[in-house]
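Here is a short tour for anyone who likes to see how strands and surface fit together. Keep the viewer open as you read.

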Amino acid sequence: MSDTQHTPVTVLGLGAMGQALAATLVQGGRATTVWNRTPGKDAALVAAGADGAATVADAIGQHGPIIAVLLDHASVHATLDPVADQLSGRQVINLTSTAPEEARELATWAAAHDIDYLDGGIMAVPAMIGRPGASILYSGSAALFDEHRETLELLAAADYFGTDAGLASMYDFALLSNMYAMFTGFLHGAAMLRTSGVPAATFAERAVPWVTAMAQLIPEYARVIDSGDYTAPFQPLDFHKPAVDAIVRASRDAGVALDIIAPIKNLLDRQIADGHGRLAFERTVEELA
């Protein structure tokens with residue numbers, strides 16, 4: 001790992017996440033240049049010691065890695081395409097939320113312009129940046145990651161997943177799918193209990209330890225999935241069907257929409273109709289994949 005403490009860093013994009021990243025870099029003693037399409041968002045950062053750039057060309061005129069934290073894949077191209085020639089021989093770290101294939105496309109684009117490219121998935125909200133618990137997942141250029149790891153770890157725990165530029169994004173979205181499924185499950189349960197006069201806060205007191213306990217089963221689920229053997233289930237699909245059917249009935253009776261639970265019922269019903277009822281619940285991954 002190189003000593004990059006005095007290497008300047010450029011941050012393109014000053015939404016909530018870009019501002020958090022730039023502020024953390026400034027606080028960490030890095031010479032930081034910032035740019036945003038909409039003027040004025042850099043005022044607090046400039047007051048804290050960052051250099052504000054009026055244009056992208058001005059921003060990337062500084063030596064050092066360029067961190068893009070933009071709206072989406074299209075905005076990365078809209079921002080970087082016009083200055084691609086100036087970026088030749090430079091290092092770009094894309095922390096914009098891009099899908100895996102979009103990250104791979106950007107890596108191919110970067111290689112065609114002699115740009116060293118690293119893609120990242122941010123596993124944190126802005127307030128977590130620079131604090132314990134935040135992590136950023138990276139894939140793409142190993143040399144870029146190794147050279148600037150010290151700087152990257154100012155922002156969050158930095159984990160590298162290899163040269164496939166889309167793999168960090170795939171991990172990011174896979175983990176987020178867990179999060180959204182968990183939160184929407186809580187929302188469904190809160191909607192059910194609200195019809196009985198139970199506040200969401202009261203439900204949360206029981207939901208947190210319950211979900212935490214159930215999460216301990218994930219490694220065993222993973223073992224079964226990786227083995228590909230679903231013939232010796234702890235609880236087969238047939239076992240889960242009556243419970244899910246009852247949740248559907250209870251939800252319907254309470255007037256709660258079935259948007260969350262109905263797809264789970266459909267996955268179970270389809271597998272059982274195809275003759276897989278005696279196989280493990282973990283077999284559902286094959287239905288999805």
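In this predicted model, strand β7 (residues 135–140) runs parallel to β8, and 4 bridges link the two. Within that pairing, Ile136 has Ala158 in β8 as its bridge partner.

Stepping back, these two strands belong to an open sheet of 8 strands with mixed pairing, in the order β3-β2-β1-β4-β5-β6-β7-β8. The edges are taken by β3 and β8 (157–160); each has a single partner strand, so one side of each is left without a neighbour in the sheet.

Now travel along the sheet to the part that holds β2. The table gathers three of the parallel pairings, with one pair of facing residues for each.

| Strand pair | Bridges | Facing residues |
|---|---|---|
| β1 (residues 9–12) and β2 | 4 bridges | Leu12 and Trp35 |
| β2 and β3 (residues 51–52) | 2 bridges | Thr33 and Asp51 |
| β7 (residues 135–140) and β8 | 4 bridges | Ile136 and Ala158 |

What connects β1 to β2 in space? Helix α1 (residues 16–27) joins with β1 and β2 in a right-handed β-α-β unit. A right-handed β-α-β unit is also made by β2, helix α2 (residues 43–48) and β3. Strand β2 therefore takes part in both units.

How are the faces of β2 (residues 32–35) covered? In a regular strand, side chains alternate between the two faces of the sheet. On one side of β2 sit Thr32 and Val34, on the other Thr33 and Trp35, and all of them are buried. Two of these residues also appear in the table: Trp35 stands opposite Leu12, while Thr33 stands opposite Asp51 in β3.

For a contrast, turn to the surface. Which residues make the nonpolar surface patch? Met182, Phe183, Trp210, Val211, Met214, Leu217, Tyr221 and Ile225 form it, with an area of about 710 Å². Two or more of these residues come from each of α9 (167–194), α10 (200–215) and α11 (218–227). The largest share, 3 residues, is given by α10.

One patch member, Leu217, lies in the loop between α10 and α11. Is Leu217 buried, partly exposed or exposed? Its relative accessibility is 40%, so Leu217 counts as partly exposed; the class lies between the cut-offs of under 20% for buried and over 50% for exposed.

Technical notes. Residues are numbered from 1 along each chain as its sequence is written. This is a predicted model: local features need pLDDT of at least 70, side-chain atom pairs count only at pLDDT 80 or more; totals for chains, interfaces and linings use all residues. Side-chain values use heavy atoms; hydrogens and water are left out. Patches are made of residues with over 30% relative accessible area and no salt bridge: like charges are joined within 9 Å, nonpolar side chains (Val, Leu, Ile, Met, Phe, Trp, Tyr) within 5 Å. Accessible areas come from the Shrake-Rupley method with a 1.4 Å probe; for residues, only the protein chains shown count as cover. A salt bridge is a side-chain nitrogen of Lys or Arg within 4 Å of a carboxyl oxygen of Asp or Glu. Buried means under 20% relative accessible area, exposed over 50%, partly exposed in between (1.4 Å probe, protein chains only). Two strands pair if DSSP finds at least two bridges between them. A crossover is right-handed if, with the strands pointing away from the viewer, the path from the first strand over the helix to the second runs clockwise.
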